[in-house]
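Please take a moment to look over the sequence and the model below, and then follow the paragraphs that come after them, which go from one part of the chain to the next.

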Amino acid sequence: MINAKTLIGSALAAATSLAATAAYSGPAAQPDFAFEKCYGVVKAGQNDCQTATHSCAGTATADNQPDSWLYLPAGSCARITGGSDKPKA
């Protein structure tokens with residue numbers, strides 16, 4: 001059985017991490033290397049910026065959303081199955 005201290009500690013840790021995640025909103029910073037935006041290859045929650053369906057980085061709700069993108073080194077996107085340099089319809 002879980003004791004009360006462990007349960008309370010877990011609840012506080014979860015609340016703190018959710019608050020920290022919610023405090024960051026907006027696009028990811030542009031990388032300091034030659035980059036391109038690659039659409040359609042992002043895991044859920046790993047996108048770098050907003051789309052028509054969500055407002056900030058890290059909020060993609062499904063894997064491979066056609067309008068979600070992430071920064072990749074220039075020239076890499078075309079080498080990934082399903083990757084596109086333009087949003088998919």
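**A walk through the model**

Over residues 18-23 the pLDDT stays under 50, and for this stretch the model has zero contacts beyond four places in sequence. This is a predicted model, and pLDDT is the predictor's confidence in each residue, on a scale from 0 to 100. For the protein as a whole, the average pLDDT is 77, and 72% of the residues score at least 70.

We can turn next to the aromatic rings, of which a search of the whole structure finds two pairs. In one of them, the rings of F35 and Y71 have centres 4.7 Å apart and planes at 80°, and because planes over 60 degrees apart count as edge-to-face, this pair is given that name. F35 belongs to strand β1, which covers residues 35-39, while Y71 belongs to strand β2, which covers residues 69-73, so the pair ties together parts that are 36 residues apart in sequence. The other pair joins W69 and Y71, with ring centres 4.9 Å apart and planes at 75°, so this pair is edge-to-face too. Taken together, F35, W69 and Y71 form one aromatic cluster. Within the cluster, W69 and Y71 are both buried, whereas F35, with a relative accessible area of 29%, is partly exposed. The ring of W69 has a further partner, for the charged end of K37 sits over this ring, 4.5 Å from its centre.

A covalent link comes next: a disulfide is a covalent bond between the sulfur atoms of two cysteines. A search of the whole structure finds one disulfide, which is formed by C38 and C77, with their sulfur atoms 2.0 Å apart. C38 lies in strand β1 and C77 in the segment after β2, so this pair ties together parts that are 39 residues apart in sequence. The link is right-handed, with 70° about the S-S bond. Are its two cysteines buried or exposed? C38 is buried, at a relative accessible area of 0%, and C77 also counts as buried, at 2% relative accessibility.

Finally, we come to the loop between β1 and β2, where Q65 lies. Q65 has a relative accessible area of 10%, and because buried means under 20%, this residue counts as buried. The side chain of Q65 reaches the backbone nitrogen of A62 at 3.3 Å. If residues up to four places away in sequence are left out, Q65 touches G40, V42, T53, H54 and A60.

Note on methods
Residues are numbered from 1 along each chain as its sequence is written. Side-chain values use heavy atoms; hydrogens and water are left out. Rings of Phe, Tyr and Trp (its six-membered ring) pair if their centres lie within 6.5 Å; planes under 30 degrees apart count as stacked, over 60 as edge-to-face and the rest as tilted. Helices (H or I, at least four residues) and strands (E, at least two) are DSSP runs, numbered from the N terminus. Buried means under 20% relative accessible area, exposed over 50%, partly exposed in between (1.4 Å probe, protein chains only). A charge sits over a ring if NZ of Lys or CZ of Arg is within 6 Å of the ring centre and within 35 degrees of the ring normal. Contact means heavy atoms within 4.5 Å. A polar contact is a pair of N or O atoms within 3.5 Å; within protein, one must be able to donate a hydrogen and the other to accept it, and residues adjacent in sequence count only if both atoms are side-chain atoms. A disulfide is a pair of cysteine sulfur atoms within 2.5 Å.
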